[in-house]
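Here is a set of questions and answers on how one chain is put together. Please keep the structure open while reading.

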Amino acid sequence: MYGDVEVSNREIVEFQSAIGSDLGTMLDVFSEPEHGTARAAADVDETLRRAEEAARVKSERDDPGFALVGAVQGGIHPEERTRCAEGLSGLDIDVAAIGGVVPLLETYRFRDLVRVIVASKQGLSPRLPVHLFGAGHPMVFALAALLGCDLFDSASYAKYARAGRMMFADGTRHVSDLEHHNCECPACSLHSPAELRKDERAIAEHNLYVSFGEIGRVRQAIKDGDLWELAERRCRAHPALLDGLKELRRHVQWLERFEPVSRHTAMFYTGPETVYRPILFRFRNRLQERYTPPRKRTLIMFPEGDRPYMTHRAPAMAKAEAVCNAHFLVKSAFGPVPIELDEMYPMSQSLVPDQLDLEVMEASEVFARHFLAGAGYDFGILWEGEKTLADLEARREPPAPLDWVLERVRSTADMQFGRGAGAALLSGSVRLVRSKKTGRVRNVLVDGRHVLSMRAHDGLFTLRLEGGKVLHRAFPAPALRVVVETDTAEFPRRRPGGPSRRGGPGPPQSRGDDRVRSRPRGEGPGGPTRVEPSPRRRGTRGSPPGCAGG
């Protein structure tokens with residue numbers, strides 16, 4: 001409804017409940033983008049006061065079929081958005097709606113939109129589904145969903161139709177410019193371009209078909225685990241959207257907390273923005289925090305190339321090791337990759353073009369220098385074939401063979417569980433059970449005990465019971481542990497792989513699909529379990545940012 005109506009916050013909430021609304025919305029105080037911090041703070045104070053009043057009305061009416069929507073305001077000021085979101089999270093509301101964004105959408109201020117959503121999500125409880133008020137153009141659905149928005153509403157489909165504007169997933173076109181069919185929706189299939197120009201209803205139907213079609217693509221991308229790819233492709237449709245996508249780099253440390261350890265689909269490079277994804281930020285960060293090179297006297301750096309790196313670089317490695325005991329690293333598009341970690345997700349499970357963007361090559365150099373500054377190598381050289389072998393003659397030394405497969409196990413365990421995990425798990429007589437078909441490690445036995453199983457799809461480990469016991473002794477609490485509350489302890493007992501969300505929170509370093517140890521509170525060591533990825537898109541839970549997988 002558009003226009004002015006004299007009604008109080010209490011009255012409108014009571015009215016919505018009385019007429020049987022499924023979702024009742026409070027009256028919030030809208031902050032315009034140009035409002036300063038003081039004005040936005042006052043609007044937040046009043047919005048929270050009204051939210052408390054609306055929550056009391058909901059409690060008084062005691063209607064189980066009535067869900068209350070609370071609004072997050074605060075203009076373009078992140079601290080006020082977060083404060084408002086935190087205040088709402090402590091109230092008895094059922095849905096959190098991020099408001100005050102229509103002016104940003106209408107003026108294509110997508111960088112500010114990203115900042116507003118991120119600041120709001122940082123203050124909201126994960127129990128709350130998140131609605132994005134007024135987001136009705138399909139070109140923003142993928143980006144908004146990537147940031148954790150669950151619900152959209154808008155009258156844009158009708159307002160655009162009234163102005164003769166047709167929505168598409170990559171932008172807007174005026175019907176008067178349409179000379180040829182370029183849409184397969186029922187409305188366009190049944191009308192010629194000339195007929196569409198005269199039929200506002202048909203244009204509105206087209207806008208709805210396109211909107212629902214894009215929602216379907218977003219939902220499918222979430223299921224398939226490639227929402228990041230969809231969002232990156234959509235954001236390349238308009239320079240302002242691309243600015244919004246680039247803004248995500250500033251929030252990658254926060255986004256990484258919600259990124260699963262791996263996905264069941266390959267990671268596709270779509271442009272320079274891909275290298276700043278949270279999964280790659282995590283890999284580079286863990287290299288700094290968890291990885292220890294097996295050799296440090298000489299480092300040979302290969303350029304980007306075919307995957308898996310060790311398989312394709314094996315002949316060059318053999319030639320180099322005949323001269324000196326070198327370690328090997330690939331300067332990949334995504335950053336430095338030690339050769340023994342080449343099968344760890346997403347390094348082997350990714351596709352990049354042969355010709356890389358200049359920005360990516362520059363970023364790769366920065367990532368490599370950052371790693372090398374703290375890695376402790378005595379000497380490093382770029383691989384240039386026979387020339388490099390000649391240069392290495394000055395560093396010739398007696399051969400000291402290294403089992404690269406065993407190093408893969410050790411280094412992967414460190415990256416997955418923490419520095420020192422590989423040494424603890426492999427302490428004893430090690431036997432590697434390898435696939436007869438591929439030669440890849442499948443199981444790791446130490447002193448006859450099955451400690452690890454390597455997963456084929458991501459090159460990471462599934463922790464076995466005996467391996468869990470080893471890590472329990474090696475790492476002090478709370479590392480790698482989930483404490484299960486007593487009233488839910490039976491669930492993981494009956495289903496050892498059960499999700500930890502039925503118990504207490506995982507340790508701060510845990511991510512979705514990580515393997516940890518679980519035990520009932522007050523009891524001794526339990527068994528291995530899996531950290532459930534942050535709440536998915538369910539009707540009763542809010543979605544984490546980037547929840548594209550699992």
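Helices (H or I, at least four residues) and strands (E, at least two) are DSSP runs, numbered from the N terminus. This is a predicted model in which local features need pLDDT of at least 70 and side-chain atom pairs count only at pLDDT 80 or more, while totals for chains, interfaces and linings use all residues. Residues are numbered from 1 along each chain as its sequence is written, and side-chain values use heavy atoms, with hydrogens and water left out.

Q: Between which two helices does the loop with Pro398 lie?
A: Pro398 belongs to a loop rather than to a helix. The helices that flank this loop are helix 17 (386–392) and helix 18 (404–417).

Q: Is Pro398 buried or exposed?
A: Buried means under 20% relative accessible area, exposed over 50%, and partly exposed in between, with a 1.4 Å probe and protein chains only. Because the relative accessible area of Pro398 is 65%, this residue counts as exposed.

Q: How many disulfides does a search of the whole structure find?
A: A disulfide is a covalent bond between the sulfur atoms of two cysteines. The search takes a pair of cysteine sulfur atoms within 2.5 Å as a disulfide. Across the whole structure, the number of disulfides found is 0.

Q: In what order do the 5 strands of the open sheet lie?
A: Two strands pair if DSSP finds at least two bridges between them, and the pairing in this sheet is parallel. Its edge strands, each pairing on one side only, are strand 1 (23–25) and strand 5 (151–152). The order of the strands is 1-2-3-4-5.

Q: Which residue in strand 3 is the bridge partner of Gly70?
A: Strand 2 (residues 67–72) pairs with strand 3 (residues 95–98) in the parallel sense over 4 bridges. The partner of Gly70 in strand 3 is Ala96.

Q: Are helix 14 and helix 18 roughly parallel or roughly perpendicular to each other?
A: Axes are lines fitted to C-alpha atoms, for helices over the stretch in contact (heavy atoms within 4.5 Å), and angles run from 0 to 180 degrees between N-to-C directions. Angles under 35 degrees count as roughly parallel, over 145 as roughly antiparallel, 65 to 115 as roughly perpendicular and the rest as oblique. Helix 14 (residues 278–290) and helix 18 pack at about 105°, with their axes 9 Å apart. The two helices are therefore roughly perpendicular.
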